[in-house]
Amino acid sequence: MKHKTTRRKKYTALCTALLSVAVFAGCAGTPTGSGNTENTTTSPAGNNTAETAQAEQESTAFPAFTATDLDGSTVTESIFAEKDLTVLNIWGTFCGPCIGEMPELGEWAKEMPDNVQIVGLIIDINGEEDTEHRDLAIDITQKAGVDFTNLIANADFAPILKDVIGVPTTLFIDGEGNLVGDPIVGADVDGYKTFVEDYLNGQ
């Protein structure tokens, strides 16, 4: 058990380090595009309709996870079932545009409809022992007046984070835990709001 835990910690540390390098290079203040064709799966020719539908469903499902938030509470993917739509803002403590949009996100969270929530996902806290970045994230959110949940990324998020090319990146997840719409890369609170409004109007 100890060997397995150590291996998991090393994997988490490696994922975090690689991701931090990638997103640091891609940290952007303005949107760089919302389309992401990697989120779609092309089924091989000859598959029947049921298999195709299953593949499409699997390709859009957010992975199961167990994570800790900045308050030390344990959070799982069941958080998505609490609302019809979750805005997942992926950010890092090193990213100026991420920090810059935080106060506006905090205000927006307080004005959201009852069936919508925003959740943050911090990608550069390297496990429980990384108190430096955890304390920095707490300081950033407190100064911004942010009350919404902020999760600390771990290896469970690797299937999602492998496609993140820069931060902030914002994803949208429905109440069934499925990704909806396209990711928005770059600080674009107006864009997030427009998507939420259009999504709710389309229900």
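This report looks at strand β1 with its partner strands, and then at residue N89, in a predicted model.

## The two faces of β1

Let's start with strand β1, which covers residues 66–69. Its side chains alternate between two faces. On one face you will find A67 and D69, and these are buried. T66 and T68 point to the other face and are not buried.

## The partners of β1

Strand β1 pairs with strand β2 (residues 74–76) in the antiparallel sense, over three bridges. If you look for T68 here, its bridge partner in β2 is T74. β1 and β2 form a hairpin with four residues between the strands. Within this hairpin, G72 takes a positive phi near 90°.

Now turn to strand β5, residues 150–152. β1 and β5 run antiparallel, and two bridges join them. T68 appears again in this pairing, where it stands opposite I152 in β5.

## A closer look at N89

Next, find N89 in strand β3, which spans residues 85–91. Is N89 buried or exposed? N89 has a relative accessible area of 1%, so it counts as buried, the cut-off being under 20%.

What does the side chain of N89 make a polar contact with? Its partner is the side chain of T170, at 3.1 Å.

Leaving aside residues up to four places away in sequence, N89 touches E101, L105, V119, G120, L121, P168, T169, T170 and Y192. You can pick these residues out in the structure to see what surrounds N89.

Note on methods. Residues are numbered from 1 along each chain as its sequence is written. This is a predicted model: local features need pLDDT of at least 70, side-chain atom pairs count only at pLDDT 80 or more; totals for chains, interfaces and linings use all residues. Side-chain values use heavy atoms; hydrogens and water are left out. Buried means under 20% relative accessible area, exposed over 50%, partly exposed in between (1.4 Å probe, protein chains only). Two strands pair if DSSP finds at least two bridges between them. A polar contact is a pair of N or O atoms within 3.5 Å; within protein, one must be able to donate a hydrogen and the other to accept it, and residues adjacent in sequence count only if both atoms are side-chain atoms. Contact means heavy atoms within 4.5 Å.
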